[in-house]
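Visitor: Please take one helix contact and look at it closely. Then lead me outward from there.

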Amino acid sequence: MSKGSRQSLVELEEGEFPGGEDEFPLGLGCALDLFREKDEVIEILKSLPEVYVDRSATENAYEKYQRILDRYQEQPHLLDKHIEEMIEILISQVRIGSSLKYLSLKFLRQIFKVRGPKEVVKRMPHEIADLVPVLIYLESENLDDSNTWESGYVLVMWLSILVINPFHLKLLDGQQQDNQNGDSSIAARLMNVCKKCLVLNNNIGTAAPFLVAKFLTRPDMQQIYMSDFIDWTCKNIQDKTAFGIRVGSFASLSAIFKHAKRQEILQYSENVLKAVVNSEYEKCDTVLRKAGTKLVQRIGMVFLRTKIAPWRYQRGNRSLLKNLQGNKPLSQKEVEKRDIQIKDDDESVNYQELSQYSDAIETILDKLLESLKDKDTVVRWSAAKGIGRVTNRLPKDYADEVVENLLQSFSPRESNGAWHGGCLALAELSRRGLLLPERLDTVIPVIKKAMVYDEIRGNFSVGSHVRDAACYVLWAFARAFEPKVVEPYVHDIATSLLVVMLFDREVNCRRAASAAFQENVGRQGNFPHGIDIVTVADYFSIGNRQNAFTNISLEIGKFEIYTKPMIDHLVELKFNYFDAMVRELAAEALGKLGQFEPDYMITQILPKLIPLCYDLDTFTSNGALYSVGHILVKLQEIKKLELSATTLEDIRMIVQKVMERKFRGSTKGNELIRQGLCFFIKCLAQAKMPFHKEDEFLAISYKFLLENIPNVDRKTKTLATECLRHYFLEFYFKNPSRHSSIAGILGQFAAHLKATSMPTRQGFAFALGHLPIEVLRENFLPVMEALVSCAHIQRDTTVWAESRREALLAINNILSAQPFTTEDNWDKGIPVQLINHKPLYECLLVSMDDYTTDKRGDIGSWVREASMSCIQTLTTKLAECSPSNSGQYLDPSIVTKFMGLIAKQAVEKIDNLRVRAGKIFAQLLHHKNPIIEQVPQRQQIVQIFSEEFVTGANWRSTSQTFPRFVELLKFEEYSYPLLSGFVVSGGSLSDSVMKDANGAVKNYIHASGAMGDAEIIRISEILLQIFKDNLKVERVTLPLMKFVTQLLQSNVLSSLLTSHISFGVRLIELLKSEVINTTRVEKIIAAVDLLCELIQGPPDVMRNSLKRLMVYLCHGYPRVRIITAQKLYESIITYADDTVDISPENLEEVMSLLSETRWDQDVSVLKPHRNHICDLLGVPKPNLLRPSPT
């Protein structure tokens, strides 16, 4: 195969590339070029007689066969050349009989699924000899069984081609004398099978109408069965109690009216129509409503003769290439000649059936028009196609009345379903040339309304399907009409499509509008700047809503012809939309588009939006505040903000009027209004509005912002803080009359950090962290001291982790604002002497040990993460402040502490915290200019965490990072904090973290043990110290017990129990202190596990362990007793031969008591058994401690 040609997907999946593994075929794409797996499929089909007896082999063959064919579902025509061969193989196997036929029919059904029944059924064999066997099968099988529906479906489709054989069916009756149904003719049996299949609620039921139509339209069957069958189905469709048979009857009648000749079926049409009307299908289930609509249109097409309306509009040139090359328009004489010819042709056509069946046709059209308003899309779509088909056979005047009725669907009183159905019908009429050019004057305005149809219902809207269908109408116009016809409406169509393409909330509507616009540009060729717009606004670029609103709209807004319509659309429909995201994006788009029409924005848009800022409707007020703010900022950026005194006064009064009308003197109010007003005030500052001497405005604005800083809503607080940043900078820092008050305001802010409310502390810490450094330097030291104080944990603020986090983040933001300088000059940076770094480091080190928890989990992790970021910023800034003498500001003992704590966070169980800690640890380790020499053991650690490793490290992957961090255990400075982190991870609930933590420590201890016991003893002492320091701290002690248990189970500490006896004894004492008086079952079970592992220790350790276990054998909780007995039994089996020094008889009796006693009985019953075990093991019986008399 030559390079660049496509290969079979199977070959590619198996890696069989012609140029080896490094060379991939360049021509491979999503599209396939031929059925390359043909030989493989044929081989599978031929192997069925050998594999069908083996169920496993059969399933494997079917899955492989299905996987291959499913690849061709989007290009099924590639199978056409090979379908007959595949069918021949499978049918030959079906003819053999036995259970193989079920499997072969199942494989054949897969071909029907991929290629479609219409294409496959005509390739099925149609020998008359096959009819009787197929009929017998369908008669004998239970077709409603889920195991046989596939074979039944294929046979019904096959039978539909067999029954159209030209031979009379009576010829087959003689062959069935010996059959048990010999008294019935083949025709009667076929009729029974048809009725049997019609009522099924599966794929056989959907195929049966096709069989019925083919059977009853035979000339010899019409006279015998047609009348009776139609009477039977008419009766069924009026029976409202039998759902399945009604569906089948509707479908079979539709198929008969579709396939039968008009002159043969016309005699039944009126009776069927009457039955359909009486069935009241429009009040039934969706399936029945669709089936009824389909049948009604088929009846209508029978009433009207098959003809193509001579009056329809025919576009002369439908070539896209010729469109782009330009069309020569028809002259006026040619147009008049064509119209006269159409009129003559229409008059010459005989419409006599119209007068003969006028009432029936009117009923049919009424039903179809009514179905256009149905609540389900499938029914409306079927009705729209029916309108198109029936209208195509009507004279021009009648068709015009249909269009007139359609246009009445586009009324404000009608439902969204009526609008959608009307659009679908108009599109169908357009595609068939039945919507004449003279109707465009009334249709275009209606479609423009449909393009922006949106019905708000609470917190959601309905109407996207209407807008989508309206785009479909305009897409159909592009194909239906000549450019000269559409030319007067080009501007309306183009702008309508553009605003939907750019500003619609739903992605499917934006893409539908884009497709319609592209079709019009290609077919019509007269859309202004069409090619440029299509290039920018393609299918993928408009898929992102924000990109469509803010970026693509800016590119298209450069074309003057579209700018004002886009602005008007945003002002009329989008700035006050119910969706907050759409409102904000519309406001942003409005501001960006304003730069192309500054005069229009100032003279027309701003006067319209300003009064709406204090409108009673919340969405309108919120959107107007955002929109006016964006417009002012953008006009200021392009130096076009030239407002009259009246407009300036109106803008200045917005804040006061909103406060009066929306808040009515109360501090409470709508969050949307608060957010909008905060954003508006920020924009006033950014636009440098001349309100610096307006004391009333400044006082009201400042009071409002102050109220919103401690707001519990994150978005409101963030907007208020951003606003405060620009507000202070413009109206205070740059305002000589108010510059002196900045220090006092900062003092008030700092005082709020001692408030008794967490939201207040959190909000003002957040605000201080986002103020510009130019403002903060007016009162820098008190602000920093207040933030440090706020970051400390106090007894009454333990659970206020959010306020501590915001204080630390504020410190980090302030320190990051400018470099540090040793000079007392703010222009060069933050004077380092103003930063009291030692108390700050103390605060940060305390924060690194914040493990506060509440119902949300480990909320202290927020504080630890913020503390690490702050440590990194402070340390690097202090080092860079004095590169030649970094030790002047960096205390080695402090650096040792925080490096150990950061390493601890890098091996704990929270993923995001590990990632952040790992990155900070690496950045401090490899910091250049200057190198931070105070990092303990830096030279050795750099070898472990090389620059190459940290550059590409996945810090989230514990399998990558834990083996490197565990090597730091050999350094005394890192041992305690790092082992504390490994302990927490080793006992965590995350399986991967637990395994990697335990594995890393086990490997380290195993490697250390090869060089002697000194390192193992040191590690064990650290573990005991961690246990001692954290007694009653379940966050540490519970995972520590699990961690040590796993180490003992893996035998890495087995030598320690014998060489360092005090380890086991002290561990049991700590265990006793931890578990005493606890009611938490999980902790007790962890202690039991650990005690059972300590049985393998020396005699003293073993006796102490068994003594504690005997207590738990009679614990108050049955679950603890059962688990203790089970674990003790397992441990004695494992370690008894080496450690338990008792006779085999006693040991056997102990094992028997542990295994056979029901430990969930009452404690009083169990105590004798427990005490007997104590005697057998030589362990003192536990005594119940009684409280001493007071």
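**One contact, then outward**

Guide: Helix 15 passes helix 19 in a left-handed crossing (the near helix is turned anticlockwise from the far one by less than a right angle; clockwise is right-handed). Helices here are DSSP runs (H or I, at least four residues), numbered from the N terminus. This is a predicted model, in which local features need pLDDT of at least 70 and side-chain atom pairs pLDDT 80 or more, while totals for chains, interfaces and linings use all residues. Numbering runs from 1 along each chain as its sequence is written, and side-chain values use heavy atoms, without hydrogens or water.

Now the geometry. Helix 19 spans residues 358-371, and its axis comes within 10 Å of that of helix 15, at a crossing of roughly 150 degrees (lines fitted to C-alpha atoms over the stretch in contact; angles from 0 to 180 degrees between N-to-C directions). Helix 15 is therefore roughly antiparallel to helix 19 (over 145 degrees; under 35 is roughly parallel, 65 to 115 roughly perpendicular, the rest oblique).

Which residues meet in this contact? Helix 15 brings Thr 293, Val 296, Gln 297, Ile 299, Gly 300 and Phe 303 (contact: heavy atoms within 4.5 Å). Across from them, helix 19 brings Ala 360, Ile 361, Ile 364, Lys 367, Leu 368 and Ser 371. By class, the contact has 7 nonpolar, 4 polar and 1 charged residues (nonpolar: Ala, Val, Leu, Ile, Met, Phe, Trp, Tyr, Cys, Pro; charged: Asp, Glu, Lys, Arg; polar: the others, Gly among them).

Helix 15 also leads to the largest pocket. The volume of this pocket is about 1100 Å³. Helix 15 (286-303) gives two or more residues to its lining, as do helix 7 (117-121), helix 9 (149-162), helix 11 (203-216), helix 13 (243-259) and helix 20 (377-391). Helix 13 has the largest share, 9 residues. The lining holds 35 residues. Nearest the pocket's centre lie Thr 206, Pro 209, Phe 210, Ala 251 and Lys 294. The lining divides into 17 nonpolar, 10 polar and 8 charged residues. A pocket is an open set of 1 Å grid points with protein on both sides within 12 Å along at least five of seven lines; a cavity is a set where a 1.4 Å probe fits but cannot get out; lining residues have an atom within 4 Å of a point. Points join across faces, edges and corners, and volume is the space filled by probe spheres on them.

Next, the cavities. The whole structure has 3 of 30 Å³ or more. The second largest is about 40 Å³ in volume. Its lining is Arg 652, Val 655, Gln 656, Glu 696, Phe 697, Ile 700 and Ser 701. Helix 34 (645-663) and helix 36 (695-708) each supply at least two of the lining residues. Helix 36 gives the most, with 4. The class split is 3 nonpolar, 2 polar and 2 charged.

Just look at the loop between helix 35 (671-686) and helix 36: Lys 688 sits there. Its phi is positive, about 55 degrees, although Lys 688 is not a glycine. Most residues other than glycine have a negative phi, and most peptide bonds are trans. The bond from Asn 929 to Pro 930 is cis, with omega near 5 degrees. Pro 930 lies in the loop between helix 46 (911-925) and helix 47 (938-944).

Two further helix pairs follow. Helix 43 (residues 837-847) and helix 44 (residues 860-881) pack at about 150 degrees, axes 9 Å apart. So helix 43 is roughly antiparallel to helix 44. Helix 43 passes helix 44 in a left-handed crossing. That contact divides into 8 nonpolar, 4 polar and 1 charged residues. Among its members are Leu 840 and Tyr 841 in helix 43, and Ile 871 and Leu 874 in helix 44.

Helix 24 (residues 464-480) and helix 27 (residues 507-523) cross at roughly 10 degrees, with axes within 8 Å. Helix 24 is therefore roughly parallel to helix 27. Their contact has 9 nonpolar, 3 polar and 5 charged residues. Helix 24 brings residues including Arg 467, Asp 468 and Trp 475, while helix 27 brings Ala 512, Glu 519 and Arg 523, among others.
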